[in-house]
Amino acid sequence: MGNIDELKNTGLKATLPRLKILEIFQAGGQRHMTAEDVFRVLLNEHSDIGLATVYRVLTQFEQAGILERSHFESGKAVYELNEGTHHDHLICTSCGKVEEFYDAEIERRQQMIAKDKGWILQDHAMSLYGLCGDCAARR
């Protein structure tokens, strides 16, 4: 399915800013991006899409379920494509790199702990903070 169809299926019109921003996320150069990261890519492409438009489109994409928003320790909202599969994050406290991971045993244990305490989990997010391999090697 093309980007135009994908946007129309969510009820959004296929405007140039929406198409460009969706393309940036789909290109996969960087999976987790702030609004400023997206704006920087657009500037490098000599696009005339402003930062306010980037924020507006990211919010629309989040509301439409195209993107997911996370808030890591930096305090900035970080967006990624919503691909419909759960994963957790490792975040480097030095360079800000974000890496995704999934571990079935961790997921099973979380469900078991919640059940043992009488809870029914509806959702969760796990973020682990530390140094990525590159930053650890530099220390």
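Here is a walk through the two largest pockets of this structure. It's a predicted model, where local features need pLDDT of at least 70 and side-chain atom pairs count only at pLDDT 80 or more, while totals for chains, interfaces and linings use all residues. Residues are numbered from 1 along each chain as its sequence is written, and side-chain values use heavy atoms, with hydrogens and water left out.

Let's start with the term itself. On a 1 Å grid over the protein atoms alone, a pocket is an open set of points where a 1.4 Å probe fits, with protein on both sides within 12 Å along at least five of seven lines; lining residues have an atom within 4 Å of a point.

The largest pocket has a volume of about 370 Å³ (the space filled by probe spheres set on the points, which are joined across faces, edges and corners). Its lining has 21 residues, and Phe 72, Val 78, Gly 96, Lys 97 and Val 98 lie nearest the centre. Two or more lining residues come from each of α3 (35-44), β3 (88-92) and β4 (98-101), with α3 giving the largest share, three residues. Helices (H or I, at least four residues) and strands (E, at least two) are DSSP runs, numbered from the N terminus.

Now for the second largest pocket, at about 300 Å³. Here 15 residues form the lining, and Glu 68, His 86, His 87, His 124 and Ala 125 sit nearest the centre. β1 (67-71) and β3 are the elements that give two or more residues to this lining, and β1 gives the most, with three.
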